[in-house]
Amino acid sequence: MPETITERGSRSGAEAASGPRTDPGAAGPAPPQEAAFEAKIAADERIEPRDWMPDAYRATLVRQIAQHAHSEIIGMQPEANWLTRAPSLRRKAILLAKVQDEAGHGLYLYSAAETLGTGRDELLDKLHAGRQKYSSIFNYPTLTWADVGAIGWLVDGAAIINQVPLCRCSYGPYARAMVRICKEESFHQRQGYELLHTLAHGTPEQHAMAQDAVDRWWWPSLMMFGPPDDESAHSAQSMAWKIKRHSNDELRQRFVDICVPQAEILGLTLPDPDLKWNEERGQHDFGAIDWAEFKEVLRGNGPCNDQRLDRKRRAHEDGAWVREAAAAYAAKRALGAAGPGEAAA
Ligand SMILES: [Fe+2]
Ligand SMILES: [Fe+2]
């Protein structure tokens with residue numbers, strides 16, 4: 001019988017069969033499976049759902065994948081806000097496809113979390129209760145049509161820099177989900193860039209609108225890479241487990257260095273007077289990030305935190321009948337497949 005992940009996140013049969021697990025550093029001798037786990041990590045081999053893994057590795061992945069999945073789903077809202085007001089049918093079709101992609105990303109990622117024994121119901125309950133986070137970038141409002149371009153260029157652009165290394169993440173299902181997600185993110189980044197390029201080379205009003213959007217999205221995009229390395233709580237362990245391959249600051253620097261020449265081609269200015277090429281480092285220097293603002297948004301006090309979560313909860317409640325109907329249909333099909341005699345047993 002195939003193993004299934006039951007509701008409310010009970011562990012899969014594979015994990016139950018692997019016996020009790022002990023964390024590295026916990027009291028008592030390390031279980032024999034731990035050496036095999038460490039050897040796989042060292043050899044750059046993938047950890048698969050049926051493999052033994054330390055509790056803390058599993059918990060770290062569930063937390064990270066859940067936060068990532070929630071970000072994809074909540075991230076649909078700021079741009080969906082412009083679907084009915086897209087300036088042309090072409091722009092509307094592109095934006096619709098993009099927002100639908102984000103829904104798909106969320107679904108792959110919830111599935112990846114399920115392979116770790118945590119059901120999506122449990123993750124969604126935590127999100128709705130405010131006990132799991134999503135990327136704080138999505139708590140900023142989309143004030144004009146140009147924001148759709150700035151999000152594609154900067155927010156999806158930053159997401160790519162963060163996510164390409166995750167294609168080599170040590171946990172197989174997460175790494176594989178990221179391959180397709182990154183391809184689609186690359187389309188998102190290009191559509192944003194093309195949209196901004198069109199506006200920036202349009203009328204003076206359109207150029208000003210594009211510049212205003214970049215002014216507002218630039219700094220929050222830099223915050224997407226997370227706190228500075230010396231304050232990043234989970235970085236060192238995640239790097240050791242090869243969940244994470246580069247530090248927050250390293251990825252942030254890469255993003256800045258990529259964006260500067262692109263901004264020049266766009267004819268737009270990045271809103272940082274301290275941004276300049278450093279010959280010695282071979283990288284750009286840039287100004288200080290307002291981490292107080294980041295922490296405030298993280299604490300729930302960003303411009304749209306309440307609105308985003310309210311809308312998500314409402315959408316979940318409105319969709320209850322779809323979930324019930326799908327479950328009833330699946331039960332009916334299972335009954336048909338098993339035959340009435342067996343199903344009754
Ligand atoms: Fe996405
Ligand atoms: Fe995207």
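Student: Where is the place of T144?

Tutor: T144 sits in the loop between α6 (120-128) and α7. The helix labels are DSSP runs (H or I, at least four residues; strands are E, at least two), numbered from the N terminus. This is a predicted model: local features need pLDDT of at least 70, side-chain atom pairs need pLDDT 80 or more, and totals for chains, interfaces and linings use all residues. Residues are numbered from 1 along each chain as its sequence is written, chains are lettered from A and ligands numbered from 1 in the order written, and side-chain values use heavy atoms, without hydrogens and water.

Student: Why is T144 called buried?

Tutor: Its relative accessible area is 18%. Buried means under 20%, exposed over 50%, and partly exposed in between (1.4 Å probe, protein chains only). So T144 counts as buried.

Student: What is T144 in contact with, beyond its neighbours within four places in sequence?

Tutor: W82, M209 and R216. Contact means heavy atoms within 4.5 Å.

Student: Why is D44 called partly exposed?

Tutor: The relative accessible area of D44 is 48%. That value falls between the two limits, so D44 is partly exposed. D44 lies in the loop between α2 (32-42) and α3.

Student: What makes the phi of D44 worth a remark?

Tutor: Phi is near 60°, a positive value in a residue other than glycine. Most residues other than glycine have a negative phi. K242 also has a positive phi, about 60°, and is not a glycine. K242 is in the loop between α10 (235-240) and α11 (248-266).

Student: Which residues are the protein donors of the iron ion (ligand 1)?

Tutor: E72 (OE), E102 (OE), H105 (ND1) and E185 (OE), at 2.0 to 2.2 Å. Donors are N, O and S atoms within 2.8 Å of the metal (3.2 Å for Na, K and Ca), so these atoms qualify. Water is not among the atoms, so sites may look incomplete.

Student: Why is the arrangement around ligand 1 called irregular?

Tutor: Its four donor atoms subtend angles of 86 to 140°. Four donors are tetrahedral if all angles lie between 85 and 135 degrees; four are square planar, and six octahedral, if opposite donors are over 155 degrees apart and all others between 65 and 115; anything else is irregular. The 140° limit of the range breaks the tetrahedral rule and falls short of the square planar one, so the site is irregular. Helix α3 holds E72 and helix α5 holds E102, 30 residues apart, so the pair links distant parts of the chain.

Student: What rules out tetrahedral for the iron ion (ligand 2)?

Tutor: Its four donor atoms subtend angles of 89 to 158°. The 158° value is outside the tetrahedral window, and the arrangement is irregular. The donors are E102 (OE), D156 (OD), E185 (OE) and H188 (ND1). Along the chain they are spaced E-x53-D-x28-E-x2-H.

Student: Which residue bridges the two iron ions?

Tutor: E102, with the ions 3.4 Å apart. D156 lies in helix α7 (residues 146-163) and E185 in helix α8 (residues 172-200), so that pair ties together parts 29 residues apart in sequence. D156 and E185 are buried, and so are E72 and E102.

Student: How many of the 345 residues, as a percentage, are buried?

Tutor: 47%. The secondary structure comes to 15 helices and two strands.
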